[in-house]
Amino acid sequence: MPVLPQHLLTCPVCTLALQDVGRALACERGHRFDAARQGYVNLLTGRGSPFEGDTAGMVEAREAFLGSGHYAPLRESVVAAALRGAEAPAIALDAGAGTGYYLEGLAAAVPGLFPVALDVSKIALRRAARRLPGGLCIVWDVWRPLPVADASVDVLLNVFAPRNAGEFVRVLAPGGRLVVVTPRPGHLAGLEEVGPLLSVPAQKADDVLASFEGALVETGRDDLDYTMTLPPDLARSALVMGPAARHHGAEGATPSPGPAAPLEVAARFTVQVLARPGATARRDGVPEDPEDGTEG
Ligand SMILES: C[S@@+](CC[C@H](N)C(=O)[O-])C[C@H]1O[C@@H](n2cnc3c(N)ncnc32)[C@H](O)[C@@H]1O
Ligand SMILES: [Zn+2]
């Protein structure tokens, strides 16, 4: 495992600092979490999490889609938002990191960055571990207190994934920033031919901001719109990788004949940056929408 910054991770059992003890993380009280052969560490104790996370089919579709480069403009925007006007971050945490695509982009732009990917899906983290050889991939449920020390994270990413506002505020360093990506209405328009889409509320970015009210302020908001020309296989991947497939049962279902020709599909995102106004206000984490694994 790469060198773990001291005092970054906390033991999920006793909250003492976790140390890297060679292919495992352990605290002084002897709680020990072995790294899986596939490169991630599972810190979930007891019964694990009630949240399922992305399935093998969704992860495979996401990797195929991200590998095609159609979300590369979004990754560039996320990296730019994370770095604009700030000192180079030392520690970045992605909550709901999936396969680590966005964190990989940030790590490539910041030599020496220590990236930490959190996700409840082991299958996604297997892929993330390959993308992030210089970091750590941790199986965790973001609705639980994060196994991360107070004020320790310089950049916190949250891309189409659930947000635990109270915990995000707690772990963010005083000068740190949170970058949130949400879809806007019309995102993935053009895919209806492949399968039903979930509707996206218009005010999603405002809801994000409201959920951090009194703790973080918005320091940047950019809308990113472009059109993707997707061949039939990628059109299907774009649908299967997102929550629409789970809601409508399309994931794992017999493929519909689908389109024969490439489809013109809309990409419509908001990239928000939030930061502390200066004071270290805290909120308790209340799931605004526990299902929110949003439309990425
Ligand atoms: C739409 S995907 C986005 C993944 C990644 N951010 C990306 O855009 O490529 C949502 C991710 O959140 C994860 N997730 C869902 N519920 C979670 C939870 N309670 N705790 C941690 N991760 C969760 C899923 O496993 C999935 O990887
Ligand atoms: Zn412990």
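**Figure 1. Strand S9 meets strand S11 in this predicted model.** Here strand S9 (residues 172–183) and strand S11 (residues 263–275) run antiparallel, and seven bridges join them. To get your bearings, look for Val179, which stands opposite Val273 in S11. S11 also pairs with strand S10 (residues 217–230), again in the antiparallel sense, over 13 bridges. On that side Val273 turns up again, this time as the bridge partner of Gly220.

**Figure 2. Stepping back, we get an open sheet of eight strands.** Read across, the order is S4-S7-S6-S5-S8-S9-S11-S10, and the pairing is mixed. The edges are strand S4 (41–42) and S10, each of which pairs on one side only. At the S4 end, two bridges join S4 to S7, and these strands run parallel. Asn42 is a handy marker there, with Val139 in S7 as its bridge partner.

**Figure 3. Two helices, H2 and H6, lie across strands of the eight-stranded sheet.** Helix H2 (residues 72–83) lies across strand S8 (153–159), S9, S10 and S11. Compared with S10, H2 runs at about 165°. Helix H6 (residues 204–211) lies across S9, S10 and S11, and runs at about 155° to S9.

**Figure 4. A little sheet of its own: S1, S2 and S3 form an open sheet of three strands.** The order is S1-S2-S3, and the pairing is antiparallel. Strand S1 (19–20) and strand S3 (32–34) each have a single partner strand, so one side of each is left without a neighbour in the sheet. S1 and strand S2 (residues 24–26) pair over two bridges. If you want a spot to zoom in on, try Asp20, whose bridge partner in S2 is Leu25.

**Figure 5. Helix H1 packs with helix H4.** H1 covers residues 56–67 and H4 covers residues 122–131. Their axes are 8 Å apart and make an angle of about 30°, so the two helices are roughly parallel to each other. From H1 come Ala56, Val59 and Glu63, which meet Ile123, Ala124 and Arg127 in H4. Sorted by class, this contact has four nonpolar and two charged residues, with no polar ones.

H4 has other company too. Its buried residues are Ala124, Leu125, Arg127, Ala128, Ala129 and Arg131. These pack against H1, helix H3 (101–109), strand S6 (114–119) and strand S7 (136–139).

**Figure 6. Ligand 1 sits among 23 surrounding residues.** Which ones are the closest? They are Phe51, Gly53, Gly96, Gly98 and Ser121. Going by class, the shell around ligand 1 is made up of eleven nonpolar, eight polar and four charged residues.

**Figure 7. A close look at Glu167 in helix H5.** H5 spans residues 165–171. Is Glu167 buried or exposed? Glu167 counts as buried, because it has 21 C-beta neighbours inside 10 Å, and the cut-off for that is 20 or more. Asp150 is 17 residues away from Glu167 in sequence, while their C-alpha atoms are 9.0 Å apart in space.

**Figure 8. Finally, the protein chain as a whole, with eight helices and eleven strands.** The chain has 296 residues, and 48% of them count as buried. Take the contacts between residues at least 6 apart in sequence: 69% of these join residues at least 24 apart.

How values were computed
Residues numbered from 1 in each chain as written. Chains lettered and ligands numbered in written order. Predicted model: local features only at pLDDT ≥ 70, side-chain atom pairs only at ≥ 80, totals over all residues. Axes fitted to C-alpha atoms, helices over the stretch in contact; angles between N-to-C directions. Helix = DSSP H or I, 4+ residues; strand = E, 2+ residues; numbered from the N terminus. Parallel < 35°, antiparallel > 145°, perpendicular 65-115°, else oblique. Contact = placed C-beta atoms within 7 Å. Nonpolar A, V, L, I, M, F, W, Y, C, P; charged D, E, K, R; others polar. Near = placed C-beta within 6 Å. Buried ≥ 20, exposed ≤ 12 C-beta atoms within 10 Å, placed from the backbone. Pairing = 2+ DSSP bridges.
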